[in-house]
Amino acid sequence: MHERPGAPSAGDGLVRLYGPRFQSDPAAIYREIRREHGPVAPVLLEGDVPAWLVLGYREVHHVTSNPQIFGRDSRRWNAWKDIPADWALRPYAEYQPCSVFTEGEEHRRRGGALSDALAAVDQFELRNQVERIADQLIDTFAESGRADLMAQYALRLPVLAIARLFGLSEADAPSLAADIAASADEGEEAVRAHQRVVARMRRLVEEKQARPGADYPSRLLAHPAGLPPEEIPSDLFLTMGAAQLTTADWMGNTLRLMLTDDRFALNLSGGRRSVGQALNEVLWEETPTQNFVGRWVIQDTRLGGRHIRKGEVVVLGLAAANADSQVRPASYAHASGNQAYMSFSHGLHGCPQPAREIAEAIVQTAIEVLVDRLPDIVLAVPAHELEWRPSVWMRGLIALPAEFSPMYADRPAG
């Protein structure tokens, strides 16, 4: 395989991880990149910013298992001088004083505090809250016989549940959901949306310092790790962003699978076993987090036959790694109980187990309530007409129109 001596450049005719074709069928592009370049490939991000994309399962595992070579502190990036201030992906790559960008013992300290605060969430109470929220949302469209399951359900429900965990009011939820979604997309609005969410998290920390409660920010402020209050807002943004975006898209992608695949569509009415199977299959086949930036190389190294230099950026191709034929069977049917996907990343910086459990509780409960309430729900448009949001990081639908028999609420006589 041809080895590049240094970082890829915009003049190399490299694949761009953005644009209409990438938006509509990223899996096909990952296959093409793998055939052309192997498990590690030079690519271009939004704005033709060069990066290395790691597509191989074993290579992603290696990167995430060796933080002494592949660090999380993005200040190491040797390309910052060429990155414009309004770069759409800057909110997820620029260093922030939070657990995501810390390393070693500092990350263990900060990450441990976040994990402890999330582990304190009562799973039974969470599921009860999600059931109530789901019923309230379904009530708003049940009588119409039609709904956009993204705008009216999947994108609204997680942030309402998470707002309660954060001690926020329901009135905050709509604007937060919109800004979090915008921050993961492309364009100048992504930077402004990120700034608005962080500003709201700063105000939330100030509120909880004055009036602590039984909520996630208050537990972080009180944790023995002693996190500086001025640094907690960045952690809150990343926690809420990950929880809202990945949970909403996990829900939307699972509903899409269940409404378009006969293996699940035939079992929608009362088919609760199929919900768990569908959730697992989506994490393999259409994972919400497609790519993750990233790692910044601490010392020259070799990866997948490539020479990668100190200071270069490595993007974790989680979706591509899940599809690696060297570790995946030819058919998903033989992997239905397999949870070795890279959808939550891996290693020290992987998604904490309590966060995974919260996301799964929200998604599974929400889908179960929906199919119980609307057992004959079907897709309202041909599956090929569904459109995906433009994002290199996330894989989620713009809309998911559905139809069902109108469900009329009981009304008092007279």
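Student: Is strand 6 largely enclosed by the rest of the structure or left open, and how many of its residues are buried?

Tutor: A word first: this is a predicted model. In strand 6, 5 of the 6 residues are buried, so the strand is largely enclosed by the rest of the structure.

Student: How do I read the sheet around it?

Tutor: Start with the general idea. Strands of a sheet pair through backbone hydrogen bonds, either parallel or antiparallel. Here, 6 strands make an open sheet, and the order is 1-2-3-9-6-4. The pairing is mixed.

Student: Which strands are the edge strands?

Tutor: Strand 1 (15-16) and strand 4 (70-71). Each of them pairs on one side only.

Student: In what sense do strand 4 and strand 6 pair, and over how many bridges?

Tutor: Antiparallel, over 2 bridges. Strand 6 covers residues 292-297. Look for Phe70, which stands opposite Val297. Then find Gly71, which stands opposite Trp296.

Student: How many bridges join strand 6 to strand 9?

Tutor: There are 4, and these two strands also run antiparallel. Phe292 faces Leu316 of strand 9 there.

Student: Which helices should I look at next to the sheet?

Tutor: Take helix 2 (residues 26-37), which packs on the sheet. Helix 2 touches strand 1, strand 2 (40-45) and strand 3 (49-54). Its direction makes about 130° with that of strand 2. Then take helix 3 (residues 57-65). Helix 3 lies across strands 2, 3, 4, 6 and 9, the last being residues 313-316. Its angle to strand 3 is about 105°.

Student: Now the core. How many residues does the largest nonpolar core have?

Tutor: It has 112 residues. Those with the most contacts inside it are Trp77, Tyr153, Leu157, Phe166, Met201 and Met251. Helix 12 supplies the largest share of this core, with 12 residues.

Student: What does Met251 touch, not counting residues up to four places away in sequence?

Tutor: Tyr153, Ala154, Leu157, Pro158, Ile362, Val363, Ala366 and Ile367. Tyr153 and Leu157 are also on the list of residues with the most contacts inside the core.

Student: Which residues does the second, separate core include?

Tutor: Val63, Val297, Ile308 and Met342 are among its 16 residues. You have met Val297 already, opposite Phe70.

Student: On to charges. How should I read a salt bridge?

Tutor: The general idea is short. Side chains of opposite charge can pair when their charged atoms come close. In this structure the count comes to 25 salt bridges.

Student: Which residue forms a salt bridge with Arg389?

Tutor: Asp249, with the closest N and O atoms 3.0 Å apart. Arg389 sits in the loop between strand 10 (378-379) and strand 11 (401-403), and Asp249 is in helix 12 (residues 232-260), so the pair ties together parts that are 140 residues apart in sequence. Both ends are buried: Arg389 has a relative accessibility of 11%, and Asp249 has 0%.

Student: Is Arg164 buried or partly exposed?

Tutor: Arg164 is partly exposed, at 28% relative accessible area. Its salt-bridge partner is Glu170, at 2.8 Å from N to O. Glu170 is partly exposed as well, at 45%.

Student: What about Arg200 and Glu207?

Tutor: They form a salt bridge, with 3.5 Å between the closest N and O atoms. Arg200 is buried at 10%, whereas Glu207 is partly exposed at 29%.

Student: Which residues do salt bridges with shared partners join into one network?

Tutor: Glu106, Arg109, Arg110, Glu231 and Asp235.

Student: How many disulfides does the structure hold?

Tutor: General idea first. A disulfide is a covalent bond between the sulfur atoms of two cysteines. This structure holds 0.

Student: Why is there no bond between Cys98 and Cys351?

Tutor: Because the sulfur of Cys98 is 15 Å from that of Cys351, its closest cysteine sulfur, which is too far for a bond. Cys98 is buried at 0% relative accessibility. Cys351 is partly exposed at 26%.

Student: One loop residue to finish. Where does Ala340 lie?

Tutor: In the loop between helix 15 (318-322) and helix 16 (353-373). Ala340 is partly exposed, at 35% relative accessibility. Leaving aside neighbours within four places in sequence, its contacts are Tyr57 and Trp284. Its C-alpha atom is separated by 24 Å from that of Asp116, 224 residues apart along the chain.

Notes
Residues are numbered from 1 along each chain as its sequence is written. This is a predicted model: local features need pLDDT of at least 70, side-chain atom pairs count only at pLDDT 80 or more; totals for chains, interfaces and linings use all residues. Side-chain values use heavy atoms; hydrogens and water are left out. A salt bridge is a side-chain nitrogen of Lys or Arg within 4 Å of a carboxyl oxygen of Asp or Glu. Buried means under 20% relative accessible area, exposed over 50%, partly exposed in between (1.4 Å probe, protein chains only). A nonpolar core is a set of buried Ala, Val, Leu, Ile, Met, Phe, Trp, Tyr and Cys residues joined through side-chain atoms within 4.5 Å. Contact means heavy atoms within 4.5 Å. Two strands pair if DSSP finds at least two bridges between them. Axes are lines fitted to C-alpha atoms, for helices over the stretch in contact, and angles run from 0 to 180 degrees between N-to-C directions. A disulfide is a pair of cysteine sulfur atoms within 2.5 Å.
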